[in-house]
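The following note is offered to a colleague who is examining this model. It takes up helix packing and aromatic pairs in turn.

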Amino acid sequence: WIFFALQSDVFLSPRNLSNLMLQSVVVGIMSLGLLFVLLVKEIDLSVAAINGVTAVLMARFIVEMGMPPWAAVAIAIALGGVIGSLSARWTTYVGVPSFVVTLGLGLALNGAQMLLLPPTARYGLMGTGIETIAQTNIEGVASWAVWLIGLLAFGALMLTSLTRRKKAGLHVNFMTGLVVPLVVGAVLSGGTVLILNAHQGIPLMVLIFAVMLGVAGYVLKETQFGLYLYAVGNNDEAARRAGIKVGTIKMAAFAIAGSVAAIAGILAASRTLGVGVFSGGGVGGGTLLLESIAATVIGGVSLFGGRGAVHAALLGALVIGTVQNGLNLMGVENEIRLIVTGLLLVLAVSIDKLIEKATGQQSF
């Protein structure tokens with residue numbers, strides 16, 4: 001941010017920062033779904049194709065079949081989860097590596113996406129109600145009410161965690177474990193609301209992403225399912241011997257990734273006012289899959305399983321979005337952005353591998 005602020009006077013303007021957040025939402029949500037898959041030491045290369053085909057199906061249901069938007073959205077999200085769980089079932093029960101299964105599935109879904117599109121190769125969504133998702137902003141008193149609710153929820157989550165640790169006889173420090181994070185969170189989120197209100201308020205898409213981050217954080221930190229995800233990712237054989245149904249856990253992780261990819265596709269369709277042959281970055285090319293994986297790893301999620309947190313999706317998406325936004329403001333060609341993104345991905349994976357080796361040496 002410092003670098004791009006020095007290169008462009010408008011980079012830190014409220015309007016551009018609001019656009020940056022909007023540009024980061026789809027990749028961030030995709031990254032959040034991939035987080036669950038990477039935690040169990042698997043990979044899903046079909047999420048971008050799921051993103052595209054579910055968005056096209058949603059549009060087809062609304063435009064051609066006259067289905068209510070809420071019903072089409074619900075079906076699209078459910079279908080994304082079904083597709084994800086089926087690929088996981090093939091991986092776990094047949095034994096084919098998830099890399100191969102999801103790569104083949106992604107190619108098949110790209111073909112299905114082309115078949116589902118009309119002769120014009122695009123469904124327009126203007127006037128269907130879907131476009132209101134991207135066009136809605138929360139500003140003024142309502143934005144501060146949202147901020148307060150989010151802050152209270154964050155504090156309640158941390159307090160619940162500390163209370164449970166204390167009951168278990170573990171040492172807890174309410175100052176460093178509750179007060180300091182709450183103050184820091186209040187300052188950062190409050191500053192964000194101020195910046196967004198200086199433009200048009202909090203975009204609904206950004207709020208949806210924030211809620212999804214909160215729900216995912218609760219699931220990973222406060223539920224047995226979250227514990228199982230980390231256990232399977234660290235050592236699936238040990239988890240199996242401990243009574244954890246490894247296959248079921250992996251299927252659930254892939255189902256979450258598929259459903260989340262569908263949500264990202266719906267939001268992307270709302271922002272672009274339609275879906276077409278390039279939706280999801282699938283048919284004919286696109287970089288959505290690369291950017292989603294890169295964001296997840298750059299944010300700190302291990303490709304080798306068992307390590308990662310929800311803030312990785314936010315951090316990684318902001319890095320990818322910042323590179324794109326900042327280079328565009330500088331007038332740099334798209335080719336350079338791809339080179340920078342690719343180098344960041346290689347660097348992040350290399351650092352991750354070095355950390356894993358260092359941790360192994362310390363354990364030894």
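**Note on aromatic pairs and helix packing**

1. Phe-3 is partly exposed, with a relative accessible area of 48%. The structure under discussion is a predicted model, and this residue is a convenient place to begin. Phe-3 forms an aromatic pair with Phe-4, with the ring centres 5.2 Å apart and the planes at 70°, which is an edge-to-face arrangement. Phe-4, in contrast to its partner, counts as buried because its relative accessibility is 10%, under the 20% limit.

2. A second edge-to-face pair is formed by Trp-1 and Phe-11, at 6.0 Å centre to centre and with 85° between the planes. The two residues are 10 apart in the chain: Trp-1 belongs to the segment before α1 (2-7), and Phe-11 to the loop between α1 and α2. Trp-1 counts as partly exposed at 45% relative accessibility, whereas Phe-11, at 0%, counts as buried.

3. These rings should be considered together. Trp-1, Phe-3, Phe-4 and Phe-11 are linked by ring pairs into a cluster. The count of aromatic pairs comes to 4.

4. Phe-4 also merits attention for its contacts further along the chain. The residue lies in helix α1. Apart from neighbours within four places in sequence, Phe-4 is in contact with Phe-11, Thr-322, Val-323, Gly-326, Leu-327 and Met-330. For Phe-4 and Thr-322 the separation is 318 residues in sequence, yet the C-alpha to C-alpha distance is 8.5 Å.

5. Which residues of α14 does α2 meet? The contact involves Ala-313, Ala-317, Leu-318, Gly-321, Thr-322, Asn-325 and Leu-329 of α14. On the α2 side, the residues are Asn-16, Leu-20, Gln-23, Ser-24, Val-27, Gly-28, Ser-31 and Leu-32. By class, this contact of α2 with α14 has 7 nonpolar, 8 polar and no charged residues. Thr-322 thus appears here as well as among the contacts of Phe-4.

6. The geometry of that packing is as follows. α2 and helix α14 (residues 311-329) pack at an angle of about 135°, and their axes are 8 Å apart. α2 is therefore oblique to α14. The crossing of α2 past α14 is right-handed.

7. α2 (residues 14-39) packs against helix α13 (residues 288-298) as well, at an angle of about 65° and with the axes 8 Å apart. This crossing, too, is right-handed. The α2 residues in the contact are Val-26, Val-27, Met-30, Ser-31, Leu-34, Leu-35 and Leu-38, and they meet Leu-288, Glu-291, Ser-292, Ile-293, Ala-295 and Thr-296 in α13. The contact of α2 with α13 divides into 9 nonpolar, 3 polar and 1 charged residues. Val-27 and Ser-31 of α2 take part in the contact with α13 and also in the contact with α14.

8. Is α13 mostly covered or mostly uncovered? The helix is mostly covered, with 9 of its 11 residues buried. The buried residues are Leu-288, Glu-291, Ser-292, Ile-293, Ala-294, Ala-295, Thr-296, Val-297 and Ile-298. Among them, Glu-291 is one of the residues that meet α2. After α13 comes Gly-300, with a positive phi near 120°.

Key
Residues are numbered from 1 along each chain as its sequence is written. This is a predicted model: local features need pLDDT of at least 70, side-chain atom pairs count only at pLDDT 80 or more; totals for chains, interfaces and linings use all residues. Side-chain values use heavy atoms; hydrogens and water are left out. Axes are lines fitted to C-alpha atoms, for helices over the stretch in contact, and angles run from 0 to 180 degrees between N-to-C directions. Helices (H or I, at least four residues) and strands (E, at least two) are DSSP runs, numbered from the N terminus. A crossing is left-handed if the near helix is turned anticlockwise from the far one by less than a right angle, and right-handed if clockwise. Contact means heavy atoms within 4.5 Å. Ala, Val, Leu, Ile, Met, Phe, Trp, Tyr, Cys and Pro count as nonpolar, Asp, Glu, Lys and Arg as charged, and the others, Gly among them, as polar. Angles under 35 degrees count as roughly parallel, over 145 as roughly antiparallel, 65 to 115 as roughly perpendicular and the rest as oblique. Rings of Phe, Tyr and Trp (its six-membered ring) pair if their centres lie within 6.5 Å; planes under 30 degrees apart count as stacked, over 60 as edge-to-face and the rest as tilted. Buried means under 20% relative accessible area, exposed over 50%, partly exposed in between (1.4 Å probe, protein chains only).
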